[in-house]
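Student: I would like a close look at a single part of this model, namely the place where its domains meet. Please give one connected account.

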Amino acid sequence: MTIISKDVSKAIALLNANELVAIPTETVYGLAGNIFSEKAIQRIFETKKRPFFNPLIVHIPSVESLPAIVSYIPEKAQYLADAFWPGPLTLVLPKNSTIPDVITAGKNTVAVRIPNHPIVLELLNQLDFPLAAPSANPFGSISPTTAQHVNNYFKNDIKMVLDGGSCQRGIESTIIGFEGDEPVIYRLGSTSIEAIEAVVGSIKIKNKKVIAPDAPGMLERHYAPKTKTILVDNLSEAIKINSDKKIGVLAISQLLEHKAISFQIVLSKSTDVQEAASKLYDALHQLDKQNLDLIIAERFPDFGLGKSINDRLQRATVNSKSV
Ligand code: TXA
Ligand code: MG
């Protein structure tokens, strides 16, 4: 049985005993373990059915912990850390020799961030070690943004979900690596490109769909519902074309009427893109439970967080046969 609880001291006791605890963050829930515990880290990979070539993000409580994790900090990495931590930005930097190889999948770099959620910051501040935490979902499926989502996936596999409510940001952190001393975006996420460019100037994006990825968040199919999903610019037209099917609609701001629609979610009535991002994964979880033939998702205007939402929806549609 998994305990769902707000009890930080209970989470500390379990993590100290090399157990896994699902933790809330501002982005999505993570499946956390002590980075120095071989047993805990192995269990993370087993529980998620995650391939070992896919490295983990190290979560730390403050910038003071950074020199213990990384061996070099380029100037622009420092600017980004100062601007966005604690927050939804992950930096990939040369690793310190003390970081175990299983965390980094044998790479000489390590991904690190300070999450911005009061409960997880309290937890990290009280632990003697950082936490490795991938998103708390089976590899390739929709990320969890509530304690209940985690429990639905991992009932009985983990001892505890530390309940921090619904994740405020709702999409994973933006991941930035470095080529020489220049930042490169590896994964779009909850910190927008525009916000990043305001700090470090124009930035290269290597977020392409690839088969053998630098960051497996870049895998072509990821964040995916089981139901066939398509991403479209014109909802009404797509509904008309597919009106012989049982359709679920994921709309940006407007409710639609059509007899083929059997389930519909509007992400933000006021077209607030942060509100939409925070509701995105819960909407996909709900749509996926409705036994639909097809989910039709509406494409967002392609800037700011809209770009990150489109990225996730695009990956959710891969391998969905054309309909
Ligand atoms: O918001 C988030 O980042 C959440 C919360 C829990 O912090 N975590 C998360 O972790 O999304 P995960 O494991 O689902 O995604 C981490 C991504 C993977 O695509 C992984 O390949 C990439 O980070 N990554 C980790 N270490 C890396 C490294 N050394 N070089 C390149 N990519 C790396
Ligand atoms: Mg993930």
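Tutor: The domain assignment divides the chain of this predicted model into domain 1, covering 3-205, and domain 2, covering 229-316. Taken over C-alpha atoms, the centres of domain 1 and domain 2 lie 28 Å apart. The contact between them involves 20 residues of domain 1 and 17 residues of domain 2. Together the two domains bury about 1500 Å² between them, and carbon and sulfur atoms account for 58% of that area. On the side of domain 1, the residues that lose the most area to domain 2 are I142, I171 and L188, which together make up 37% of what that side buries.

The polar part of the interface can be described next. The rule finds 10 residue pairs in polar contact across the interface of domain 1 and domain 2, both residues of each pair being at pLDDT 80 or more. Two helices, α6 (147-154) and α7 (193-200), each supply at least two residues of the side of domain 1 that touches domain 2. Sorted by class, that side of domain 1 consists of eight nonpolar, eight polar and four charged residues. One salt bridge is found across the interface of domain 1 and domain 2. The side chains of R312 and E172 form a salt bridge, with an N to O distance of 3.2 Å.

E172 leads on to S190, since E172 is among the residues that S190 touches. S190 is located in the loop between β10 (182-187) and α7. Its relative accessibility is 3%, and S190 therefore counts as buried. Leaving aside residues up to four places away in sequence, the contacts of S190 are T27, P88, R169, I171, E172, S173, T174 and L305. With I171 there is also a polar contact: the side chain of S190 reaches the backbone oxygen of I171 at 2.7 Å. The C-alpha atoms of S190 and E26 are 9.4 Å apart, although 164 residues separate the two along the chain.

The helix α6 also has a role in covering another helix, α2 (residues 38-48). The buried residues of α2 are A40, I41, I44, F45, T47 and K48. Their cover includes α6 together with β3 (30-34), α4 (101-104) and β7 (131-132). Just after α2, K49 adopts a positive phi of about 55 degrees.

Key. Residues numbered from 1 in each chain as written. Chains lettered and ligands numbered in written order. Predicted model: local features only at pLDDT ≥ 70, side-chain atom pairs only at ≥ 80, totals over all residues. Heavy atoms only, no water. Domains from an automatic or database assignment. Contact = heavy atoms within 4.5 Å. Buried area = accessible area lost by both parts, 1.4 Å probe. Salt bridge = Lys/Arg side-chain N within 4 Å of Asp/Glu carboxyl O. Polar contact = N/O pair within 3.5 Å; in protein donor to acceptor, adjacent residues only side chain to side chain. Helix = DSSP H or I, 4+ residues; strand = E, 2+ residues; numbered from the N terminus. Nonpolar A, V, L, I, M, F, W, Y, C, P; charged D, E, K, R; others polar. Buried < 20%, exposed > 50% of the residue type's maximum accessible area, 1.4 Å probe, protein only.
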